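Where does a protein model leave empty space, and which residues surround that space? Please look over the sequence and the structure with this question in mind.

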Amino acid sequence: MLYIKKKIKNFFLVKFIKSFLLTIKYFFSKKITIYYPEEKTPISPRFRGLHALRRYPNGEERCIACKLCEAICPAMAINIKIKEDKNGSRKTKKYNIDLKKCIFCGFCEEACPVDSIVQTHIFKFNGNNKKNLFLTKKMLLKNGDKYEKKIMKARIADSKYI
């Protein structure tokens, strides 16, 4: 009996007709296409993009060289070298992030006790060669200075979820 029902459905093309009706339904419905360069979709406050190192309002860099971000990075994309000042405080001599290795997981941002390393909302960055995808301390601080207002705006928007 089941075999006969299956043959009848195949003969009358039931599956084809159902799929054709579904296509017709969506053909006449309102389209949801976004034309990217002119139209942009909203970005979540928790979006993780290009990295940046932040400074305190007095201009001093926030990083205390605890190396937690380096330790927690699953891709081992962060490399830090430490130096000690004459007053005994630790600072970073080198702070490098290899974007070829980075998986943009955000663990470095979460591990940082002083909110020094952050991931901005900048997703339009490229590298013409491998050197451009290797961020040094100078480049990271430059990103932090350049996008500080956007970072603070994103932090405020994200604070209601914490």
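The report below goes through the open pocket and then the enclosed cavities of this model, which is predicted.

**The largest pocket**

The largest pocket has a volume of about 330 Å³, and of the 17 residues that line it, P45, R46, E109, R155 and D158 are the closest to its centre. Three elements each give two or more residues to this lining, namely α4 (107-111), β4 (117-119) and α6 (148-158), and the largest share, five residues, comes from α6. By character, the lining of the largest pocket divides into seven charged, six nonpolar and four polar residues.

**The cavities**

The count of cavities of 30 Å³ or more comes to two, and the table sets out their volumes together with the residues closest to the centre of each.

| Cavity | Volume | Residues closest to the centre |
|---|---|---|
| Largest cavity | about 100 Å³ | H51, C73, C102, C105 and C108 |
| Second largest cavity | about 80 Å³ | C63, C66, C69, C112 and S116 |

The largest cavity is lined by 16 residues, which divide into 13 nonpolar and three polar, with no charged residue among them. Around the second largest cavity there are 14 lining residues, and these comprise 12 nonpolar, one polar and one charged.

Taken together, the lining of the largest pocket includes seven charged residues, whereas the lining of the largest cavity has none and that of the second largest cavity has one.

Conventions
Residues numbered from 1 in each chain as written. Predicted model: local features only at pLDDT ≥ 70, side-chain atom pairs only at ≥ 80, totals over all residues. Heavy atoms only, no water. 1 Å grid on protein atoms, 1.4 Å probe; cavity = no way out; pocket = protein on both sides within 12 Å on 5 of 7 lines; lining within 4 Å. Points joined across faces, edges and corners; volume = space filled by probe spheres on them. Helix = DSSP H or I, 4+ residues; strand = E, 2+ residues; numbered from the N terminus. Nonpolar A, V, L, I, M, F, W, Y, C, P; charged D, E, K, R; others polar.
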